[in-house]
Amino acid sequence: MREWLFRETSYKKALARLIEESAPERGTISRIADAIGCQRSYLSQVLHAKAQLTKDQAWNLCTFFGLPEMEATYFECLVDFERASTLRDLEAAYPGELIAGVAGNLEPMARQKGEPGLAQATAYFARMGWTTSGWAVPY
């Protein structure tokens, strides 16, 4: 279990760390790009610029790294959040399926998107039936 992953608020930072942890050797980025169905240059843009992964690419990335279901779900939710324009867009992506772990990390992400912050995030998750008490990670 990668405890650090559940403290990340950016899938791009999480991806960079996953790459770093996978003992990068020559050709690692190319193998990842092949596995997720994109060019090496596009993956570099995802890591260092404004390009975003698609949902399919995120899922393939989770498969490539062998992320367990809980980690994969959280990573995919981070991708969806960074792609979403507003919390309403995120709600549309997860109609009743949003994971509670995002609630604990939502305040800094909401601020990045210009949302009112934790008060709105808390109200949003309360409507959806979750609390901001944190993510229960089995150790």
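**Notebook: aromatic pairs and the core**

I began with Phe64, which comes out as partly exposed at 35% relative accessibility. I keep in mind that this is a predicted model.

Next I looked up its sequence neighbour. Phe65 has 13% relative accessibility, so I count Phe65 as buried, the cut-off being under 20%.

Then I searched the whole structure for aromatic pairs and found two. The one I noted to begin with joins Tyr11 and Phe75: the ring centres are 5.9 Å apart and the planes meet at 80 degrees, an edge-to-face arrangement. I checked where these two sit: Tyr11 belongs to helix H1 (residues 11-21) and Phe75 to helix H5 (residues 69-83), so the pair links distant parts of the chain, 64 residues apart. I also looked up accessibility here: Tyr11 is buried at 0%, and Phe75 is likewise buried at 0%.

The other pair brought me back to Phe64 and Phe65. Their rings are also edge-to-face, with 5.1 Å centre to centre and 90 degrees between the planes.

Which residues have the most contacts inside the largest nonpolar core? I found Leu15, Leu43, Leu53, Leu61, Phe65 and Phe75, in a core of 28 residues. I then asked which elements give two or more residues to this core. My list reads H1, H2 (28-36), H3 (40-48), H4 (55-65) and H5.

Last, I followed Phe65 outward. Setting aside neighbours within four places in sequence, I see Phe65 in contact with Arg2, Leu15, Leu18, Ile19, Ser22 and Ile32. One of these, Leu15, is a name I had already written down for the core.

Notes:
Residues are numbered from 1 along each chain as its sequence is written. This is a predicted model: local features need pLDDT of at least 70, side-chain atom pairs count only at pLDDT 80 or more; totals for chains, interfaces and linings use all residues. Side-chain values use heavy atoms; hydrogens and water are left out. Rings of Phe, Tyr and Trp (its six-membered ring) pair if their centres lie within 6.5 Å; planes under 30 degrees apart count as stacked, over 60 as edge-to-face and the rest as tilted. Helices (H or I, at least four residues) and strands (E, at least two) are DSSP runs, numbered from the N terminus. Buried means under 20% relative accessible area, exposed over 50%, partly exposed in between (1.4 Å probe, protein chains only). A nonpolar core is a set of buried Ala, Val, Leu, Ile, Met, Phe, Trp, Tyr and Cys residues joined through side-chain atoms within 4.5 Å. Contact means heavy atoms within 4.5 Å.
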